[in-house]
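Please walk through this model with the viewer open, one selection at a time. Each stop names what to select and then says what is there.

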Amino acid sequence: MDRRKALKGLGLSMGFMVATPTIIGMLQSCKNDAEKVAPWVPLFFTADEATVVKSLTDLILPKSGDLPGASDVNVTEFLDLVSAKVSTKEDQAEYRAGIGAVINALGKPVAEVSTEDYDALLSKYLKASKEEMKSYGESEDPVFATLMNLRGSSIWAYKTSEKVGKEVLAYDPVPGEQKGCISVEEATGKWGGRAWSL
């Protein structure tokens, strides 16, 4: 009887010794997987510029209901990549100067700027009357030009993202027959009049 208990205890202890490295390995792999998702590091923007652009794009394209926001589809990251890899040196210099003008217009260090400050700046320039917008354009206000450019490029980045293309816009990777002279609602069917992503 004592021999059976001894063998049983030995078997359990051997099982524990064999399982321990496996469990530790599993825990380490979980840690490594978490470390693989590194925080985004901008290629073109400085840290302050990335913060400002991200805050502004989140206000231009906020998350609402079932629609993803700018952060959900990585608009800022896309704009940074395009600026770094596609834009000419002249365009990069102009973009950087424009973002600098926006930061100056905020009137505070970037770390102290609140959402209300960003919203007030957007309202001043992008919700202005036609006469005010014309005045900003004629005076070649760099803040106005940068915010207009940012709004347009953010919308472009948003609409060309995979998530928006497949989940928000009308999406049919294998289109059917061509039907002429029908309404948009009829053409898009279940998507209810939304633009086509393809």
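## Stop 1: Lys-54 and its partner

Select Lys-54, which counts as partly exposed because its relative accessibility is 26%. The model is a predicted one. Now add Glu-77 and show both side chains: Lys-54 and Glu-77 meet in a salt bridge, at 3.8 Å from N to O. The pair ties together distant parts of the chain, with Lys-54 in helix α2 (residues 47-60) and Glu-77 in helix α3, 23 residues apart. Is Glu-77 buried or exposed? Glu-77 counts as buried, because its relative accessibility is 18% and the cut-off for buried is under 20%.

## Stop 2: the other salt bridges

How many salt bridges does the model hold by the rule used here? The count comes to four. Side chains of opposite charge can pair when their charged atoms come close.

Select Lys-108 and Asp-117 next. Their side chains form a salt bridge with an N to O distance of 2.8 Å. Lys-108 is partly exposed at 35% relative accessibility, and Asp-117 is also partly exposed, at 22%.

Then move to Lys-166 and Glu-162, whose side chains meet in a salt bridge at 3.1 Å, N to O. Both residues belong to helix α8 (residues 162-167) and sit four residues apart, about one turn of the helix. Lys-166 counts as partly exposed, with 43% relative accessibility, whereas Glu-162 is exposed, with a relative accessible area of 57%.

## Stop 3: Gly-165

Stay on helix α8 and select Gly-165, which is found there. Its relative accessible area is 8%, so Gly-165 is buried. Which residues does Gly-165 touch, leaving out those up to four places away in sequence? They are Tyr-171 and Ser-197. To check the second of these in the viewer, draw a distance between C-alpha atoms: those of Gly-165 and Ser-197 are separated by 5.0 Å, although the two residues are 32 apart along the chain.

## Stop 4: the largest nonpolar core

In soluble globular proteins, nonpolar side chains tend to be buried together. Here the largest nonpolar core has 36 residues, and Val-52, Leu-56 and Leu-147 have the most contacts inside it. The elements that give two or more residues to this core are α2, α3, α4, α5 (115-126) and α7.

Centre the view on Leu-147. Not counting residues up to four places away in sequence, Leu-147 touches Leu-56, Val-102, Leu-121, Leu-122, Tyr-125 and Leu-126.

## Stop 5: Ile-60

Go back to helix α2 and select Ile-60, which has its place in that helix. Ile-60 is buried, with a relative accessible area of 18%. Beyond residues up to four places away in sequence, the contacts of Ile-60 are with Leu-122, Leu-150 and Arg-151. A C-alpha distance for Ile-60 and Arg-151 gives 6.7 Å, for residues 91 apart along the chain.

## Stop 6: the largest cavity

Rolling a probe the size of a water molecule over the atoms shows where empty space is left. The structure holds one cavity of 30 Å³ or more, and the volume of the largest cavity is about 30 Å³. To frame it, select Val-52, Val-53, Leu-56, Tyr-95, Ile-99, Val-102, Thr-146 and Leu-150, which line this cavity. Helices α2, α4 and α7 are the elements that give two or more residues to the lining. By class, the lining residues of the largest cavity are seven nonpolar, one polar and no charged.

Val-52 and Leu-56 have come up before: they are among the residues with the most contacts inside the largest nonpolar core.

## Stop 7: the largest pocket

The last stop is the largest pocket, which contains about 360 Å³ of space. Of the 16 residues lining this pocket, select the closest to its centre: Asp-91, Glu-94, Tyr-95, Asn-149 and Ser-153. Which elements give two or more residues to the lining of the pocket? They are α3 (75-85), α4 (89-106) and α7 (142-159). The lining residues of the largest pocket divide into seven nonpolar, seven polar and two charged.

Keep Tyr-95 selected to compare the last two stops: Tyr-95 lines the largest cavity, and Tyr-95 is also among the residues closest to the centre of the largest pocket.

Key:
Residues are numbered from 1 along each chain as its sequence is written. This is a predicted model: local features need pLDDT of at least 70, side-chain atom pairs count only at pLDDT 80 or more; totals for chains, interfaces and linings use all residues. Side-chain values use heavy atoms; hydrogens and water are left out. On a 1 Å grid over the protein atoms alone, a cavity is a set of points where a 1.4 Å probe fits but cannot get out, and a pocket is an open set with protein on both sides within 12 Å along at least five of seven lines; lining residues have an atom within 4 Å of a point. Grid points are joined across faces, edges and corners, and a volume is the space filled by probe spheres set on the points. Ala, Val, Leu, Ile, Met, Phe, Trp, Tyr, Cys and Pro count as nonpolar, Asp, Glu, Lys and Arg as charged, and the others, Gly among them, as polar. Buried means under 20% relative accessible area, exposed over 50%, partly exposed in between (1.4 Å probe, protein chains only). A nonpolar core is a set of buried Ala, Val, Leu, Ile, Met, Phe, Trp, Tyr and Cys residues joined through side-chain atoms within 4.5 Å. Contact means heavy atoms within 4.5 Å.
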